[in-house]
Amino acid sequence: MATQKLLLLPGDGIGPEVMAEVSRLIDWMNQNGLGNFETETDLVGGSCYDAHQQAITDATMDKAKAADAVILAAVGGPKWDKVPFEARPEAGLLRLRKDLGLFANLRPAICYPALAEASSLKREVVDGLDIMIVRELTGGVYFGEPKTITDLGNGQKRAIDTQVYDTYEIERIGRVAFEMARKRRNKVTSMEKRNVMKTGILWNEVVTRVHAAEFKDVTLEHQLADSGGMQLVRWPKQFDVIVTDNLFGDVLSDIAAMLTGSLGMLPSASLGETDPKTKKRKAMYEPVHGSAPDIAGKGLANPIAMIASFAMALRYSFDMGKEADMIEQAIAAVLDKGLRTADIKSEGTRVVNTQQMGEAIVAEVAALAG
Ligand code: NAD
């Protein structure tokens, strides 16, 4: 089995606590022949600022570039509120995303049956939900120029943001979505606003062309992003993979996230280009939640989002779909047995701490692996 090189960046707050549970799982997989991971751990965010007066060092960036995948927990906290802007903890995250060229953000919305009551929607709408939002992350209206506020001199100001997309940006995010669908239920829904936006017309045209030329085996549907948002809360199970631009993706992925309940449950992945020589893709996997300083150091953190992020690394960086499935099934089994961290507790369940939850998931993986 080839060696898989992982750079672990625990970061700040609850970061090291939840990362410890991923390390526990990695150790178990290495010892039991389910993986051959070589890990290195380094600093990012506030903890890096304390040691080096910057949010990430060049040496760590070199390690991130050399790794097969970066697994990051979370950065930030009140301790670093007053550090210079360029050295704030989030600057470490932004540099990782930018320098690794991570243009595709993947956010699954999975609703474990045992947690369906925690959703604001009816059980039958979300029970067993499993969809994936693929959001373009480095282009569109958040980066387009001009981006200005001008004083018009008559008591009025004018603000301008510019939505820009080039063909290649749409092609590459489209390919990520279609490839993803092939590993899932083989359906992509592309969302834009071609009725009112030029970028929407180009988006629709390019996605349609890429599909016809390279992914005929995948079902493609188009929806206007506003009605897509409505469909997401009406009957989300109609979707498999949704691909959309940076702005619509920001909004739609937050809506999808809330279908499933708690912040402590949500993983994510950010992917870059595939290297034509090595066939490997730069990638970073991280939970959606932050460093939760309010509960740090108390054993209260839910490690599931972090562990599910590692499962995404197995599926999308290492083609280890079977092992990823096993981890996701183990999470579902532990929840079915009524084990809960404090953030997802409900009547009749047993509250456990971070480490106990991690241990229970490893025990379930062991049982599933037979
Ligand atoms: P947060 O996600 O850290 O916490 C929001 C709430 O959810 C808190 O009550 C927290 O206790 C709870 N929570 C979060 N993750 C949890 C988990 N795994 N288990 C149980 N409960 C959990 O967001 P925030 O409070 O707005 O931000 C705190 C710090 O994190 C800030 O410095 C912020 O800048 C940073 N942040 C970092 C990232 C990142 O690293 N990607 C993302 C968001 C916020």
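How many Å separate the centres of domain 1 and domain 2, taken over C-alpha atoms? In this predicted model, the separation is 26 Å. The domain assignment of the protein chain gives domain 1 as 1–110 + 263–370 and domain 2 as 130–259. Domain 1 puts 18 residues into the contact, and domain 2 puts in 20 residues.

The sheet is considered next. It is open, has ten strands and shows mixed pairing. The strand order is E2-E1-E3-E12-E11-E4-E5-E10-E8-E9. Strand E2 (37–41) and strand E9 (219–224) stand at the edges. Each has a single partner strand, so one side of each is left without a neighbour in the sheet. From one strand to the next, the twist averages 20 degrees. Strands of a sheet pair through backbone hydrogen bonds, in either a parallel or an antiparallel manner. E4 and E11 run antiparallel and are joined by three bridges. Within this pairing, Ala104 has Leu271 of E11 as its bridge partner.

Two helices that pack on the sheet can be described. H4 touches strand E1 (4–11), E3 and E12. The direction of H4 makes about 150 degrees with that of E12. Helix H10 (residues 304–317) also packs on the sheet. Its contacts are with E1, E2, E3, E4, strand E5 (130–136), E11 and E12. The direction of H10 makes about 160 degrees with that of E12.

The largest pocket holds about 750 Å³ of space. It is lined by 29 residues, of which Leu93, Leu94, Arg97, Leu137 and Glu286 are the closest to its centre. Both domain 1 and domain 2 give residues to this lining, so the largest pocket lies between them. Several elements, namely strand E3 (69–74), helix H4 (89–99), strand E4 (104–110), strand E11 (267–274) and strand E12 (281–287), each supply at least two residues of the lining. The largest share comes from H4, with six residues. H4 is thus a helix that packs on the sheet and also lines the largest pocket. By residue class, the lining of the largest pocket divides into 13 nonpolar, eight polar and eight charged.

Enclosed spaces were also examined. The structure holds three cavities of 30 Å³ or more. The largest cavity has a volume of about 50 Å³. Its lining consists of Gln163, Tyr165, Glu192, Lys193, Met197, Thr199, Gly200, Trp203, Asp245 and Phe248. Helix H7 (residues 198–214) gives the largest share of that lining, three residues. Four of the lining residues of the largest cavity are nonpolar, three are polar and three are charged.

The second largest cavity has a volume of about 40 Å³. It is lined by Arg107, Pro108, Ala109, Ile133, Ser253, Ala256, Ala257, Leu266, Pro267 and Val288. E4 and helix H9 (246–258) each supply at least two residues of this lining. Eight of its lining residues are nonpolar, one is polar and one is charged. Domain 1 and domain 2 both give residues to the lining, so the second largest cavity lies between them.

Strand E4 recurs across these features. E4 is joined to E11 in the sheet and is touched by H10. E4 also supplies at least two residues to the lining of the largest pocket, and at least two to that of the second largest cavity.

Definitions and conventions:
Residues numbered from 1 in each chain as written. Predicted model: local features only at pLDDT ≥ 70, side-chain atom pairs only at ≥ 80, totals over all residues. Heavy atoms only, no water. 1 Å grid on protein atoms, 1.4 Å probe; cavity = no way out; pocket = protein on both sides within 12 Å on 5 of 7 lines; lining within 4 Å. Points joined across faces, edges and corners; volume = space filled by probe spheres on them. Helix = DSSP H or I, 4+ residues; strand = E, 2+ residues; numbered from the N terminus. Nonpolar A, V, L, I, M, F, W, Y, C, P; charged D, E, K, R; others polar. Domains from an automatic or database assignment. Pairing = 2+ DSSP bridges. Axes fitted to C-alpha atoms, helices over the stretch in contact; angles between N-to-C directions. Contact = heavy atoms within 4.5 Å.
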